[in-house]
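This briefing sets out selected features of the structure shown below. It is arranged by topic for reading alongside the sequence and the coordinates.

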2 protein chains.
Amino acid sequence: MNFQSSIVVKLGGAQGVDFSAICKDAADILKHGKQLIFVHGGSAEANILGEALGTPPKMITSPSGFTSRYTDRKTLQVFIMAVNGKVNSLLTEQLQMLGVNALGLCGLDGRLMQATRKEAIQSVENGKRKIIRDDYTGKINRVNNQLLHLLLDAGYLPVIAPVAVSTQGEAVNVDADRAAAMVASALKSETLILLTAVPGLMKNFPDETSLIRQLSCTQITKAMEAAQGRMKKKVLGAEEALNGGVKQVIIADGRLQNPITNALAGNGTVIQ
Amino acid sequence: MNFQSSIVVKLGGAQGVDFSAICKDAADILKHGKQLIFVHGGSAEANILGEALGTPPKMITSPSGFTSRYTDRKTLQVFIMAVNGKVNSLLTEQLQMLGVNALGLCGLDGRLMQATRKEAIQSVENGKRKIIRDDYTGKINRVNNQLLHLLLDAGYLPVIAPVAVSTQGEAVNVDADRAAAMVASALKSETLILLTAVPGLMKNFPDETSLIRQLSCTQITKAMEAAQGRMKKKVLGAEEALNGGVKQVIIADGRLQNPITNALAGNGTVIQ
């Protein structure tokens, strides 16, 4: 077992997030002896592929206000093609082209991320509650950290797609921010960085001058109220990571040059 | 380094090859302490996806009579989505559902399979030779067997997609039969099994009663003349594997129940 400090970086797929800048920064940071793990999303790519194949995405909203992708078996296959096949492989390629020995994985691989499949989920549609039973989404409950240590100690940079394995062995779609939080918790990482297309959590979204620079663990419930849409899951992920033993979570701007280095310098919303 | 004997199984994607039977057989064989490695194709899935996305496949024939996929950058991305995203992930899922701890990889991952990209390839079209320069296909020249041993010794079954990494780090499409041969050579496997939709190499294709049951290494050049189409690459792969130190190559029927066990019992074309 290796106790070298690790940093988990979640790369958001939102427009403007600069994968190329993130990869270049990672190549530099690795030279300083840090262990890095990438976790990425891919909803945008899955939407594009779904549209092209005649299965456009359908989003659902839970009674508590979180949105997620409705994923029947066909949508799951499209999601896997886009996320594992395109985003994961091309990100791994981009890192390899910079001399970084990246290794792409999803939660199916070696049972890297095990999830409980949500067998009946509630959605709210036009104000009415509905039960959905053929959904392949899940909540991660276990990360195979032995596999991650095996790969990290051998010098690989794991690149992880947001697909988990259910208890029965089925693939399930999981939220990438919370997947990153679970991976960081399993590794007891020093830092989880959530890179996105905004400078961090804002008190009055979208007013960037209202950026919250510091947040303590106890202020998270209140911060959740300020969070809009996708940002809700980042704040939830941050809370899960801190509860899981991660020292700090930084929600930071993924549109800049050197975005990881910038985040580590405290630019963004630092949650401790 | 572990010297446990390993078996590399190539799963052909041709119609009739029963992935489910292969996976079930693998689950049984693993109980007897063997190490297994899967290598799969995916041309059929790539063709279907390409058609759906408006980039139908284009095959080219080399002056020496081998056919291969013409792979410009766009086709490469479609190929990766189908092969890494769909075939590899769903095969890994199928194995996980049987309790086999499979782990999907392609050659980009940890530079598992390094290839020389063919920068200028010759094709024959309507009897005329043509030079193609924007092709992303390659020939594997190195397999990262340390990574395979790391995973095998930790109890994982590697499932490998036919995508390699070029010297520059780019993804390239490679032939799956020859990829399987290179993997088996790198591991000095006792057996390479090439499962396909016919009973083996036939003297008079498609007459199945003309099955060649045994072939020595010295008879391969002559056998190559009998081989038709895709079978040529299997015979070439067999030759490369034997030259690489693999004890035997078996070209066998992938349409039956227990296809791996059947092949190991000598049903098929055994090349030594």
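In which sense do strand β6 and strand β11 of chain A pair, and over how many bridges? Strand β6 (residues 113-117) and strand β11 (residues 163-166) of chain A pair in the parallel sense, and two bridges link them. The model is a predicted one. The points below cover the relation of the chains, their interface, the four-stranded sheets, two helices of chain A and one residue of chain B.

**Relation of the two chains**

- A turn of 180° with a shift of 0.0 Å along the axis lays chain B on chain A, with an RMSD of 0.0 Å.
- This relation is that of a two-fold axis.
- Within chain B, B:Gly85 has the C-alpha nearest the axis, at 1.8 Å from it.
- In general terms, a rotation about an axis and a shift along it relate two copies of a chain.

**Interface between the chains**

- Contacts between the chains involve 30 residues of chain B and 30 residues of chain A.
- On the side of chain B that touches chain A, α3 (73-97) and β5 (102-106) of chain B each supply at least two residues.
- The largest share of that side of chain B, twelve residues, is contributed by α3(B).
- Sorted by class, the side of chain B that touches chain A comprises 14 nonpolar, eleven polar and five charged residues.
- The copies meet through the same surface, because 100% of the interface residues of chain B are also interface residues in chain A.

**The four-stranded sheet in chain A**

- Chain A has an open sheet of four strands in the order β9-β6-β11-β12, with mixed pairing.
- Its edge strands, β9 (138-143) and β12 (171-173) of chain A, each pair on one side only.
- From one strand to the next, the twist averages 50°.
- Within the pairing of β6 and β11, A:Gln114 has A:Val165 in β11(A) as its bridge partner.
- Helix α3 (residues 73-97) of chain A lies across β11 and β12 of chain A and runs at about 80° to β12(A).

**The four-stranded sheet in chain B**

- In chain B, four strands form an open sheet of mixed pairing, ordered β9-β6-β11-β12.
- The edges are formed by β9 (138-143) and β12 (171-173) of chain B, each of which pairs on one side only.
- On average, neighbouring strands of this sheet are turned by 50° against each other, direction ignored.
- Strands β6 (residues 113-117) and β11 (residues 163-166) of chain B run parallel and are joined by two bridges.
- Opposite B:Gln114 stands B:Val165 in β11(B).
- Helix α3(B) packs on the sheet by touching β11 and β12 of chain B, and its direction makes about 80° with that of β12(B). This helix also supplies twelve residues to the side of chain B that touches chain A.

**Helix α2 of chain A**

- In helix α2 (residues 43-52) of chain A, the buried residues are A:Ser43, A:Glu45, A:Ala46, A:Leu49 and A:Gly50.
- Viewed down the axis of α2(A), these buried residues fall within an arc of 160°, so they line one face of the helix.
- The cover over the buried residues of α2(A) includes β4 (67-69) and α3 of chain A.
- After α2(A) comes A:Gly54, with a positive phi near 80°.

**Helix α4 of chain A**

- Helix α4 (residues 145-153) of chain A has A:Leu147, A:Leu148, A:Leu151 and A:Leu152 buried.
- Down the axis of α4(A), the buried residues fall within an arc of 130°, and therefore they line one face of the helix.
- Elements covering the buried residues of α4(A) include β1 (6-11), β2 (35-40), β5 (102-106), β10 (157-161) and α5 (176-187) of chain A.
- A:Gly155 follows α4(A) and has a positive phi, near 95°.

**Surroundings of B:Gln248**

- B:Gln248 is located in strand β15 (residues 248-253) of chain B.
- B:Gln248 counts as partly exposed because it has 17 C-beta neighbours inside 10 Å, whereas a buried residue needs 20 or more.
- Apart from its neighbours within four places in sequence, B:Gln248 is in contact with B:Thr191, B:Val270, B:Ile271 and B:Gln272.
- A distance of 5.7 Å separates the C-alpha atoms of B:Gln248 and B:Ile271, which are 23 residues apart along the chain.

Terms used:
Residues numbered from 1 in each chain as written. Chains lettered and ligands numbered in written order. Predicted model: local features only at pLDDT ≥ 70, side-chain atom pairs only at ≥ 80, totals over all residues. Contact = placed C-beta atoms within 7 Å. Nonpolar A, V, L, I, M, F, W, Y, C, P; charged D, E, K, R; others polar. Least-squares fit on C-alpha atoms with pLDDT ≥ 70 in both. Pairing = 2+ DSSP bridges. Axes fitted to C-alpha atoms, helices over the stretch in contact; angles between N-to-C directions. Buried ≥ 20, exposed ≤ 12 C-beta atoms within 10 Å, placed from the backbone. Arc of directions from axis to C-beta.
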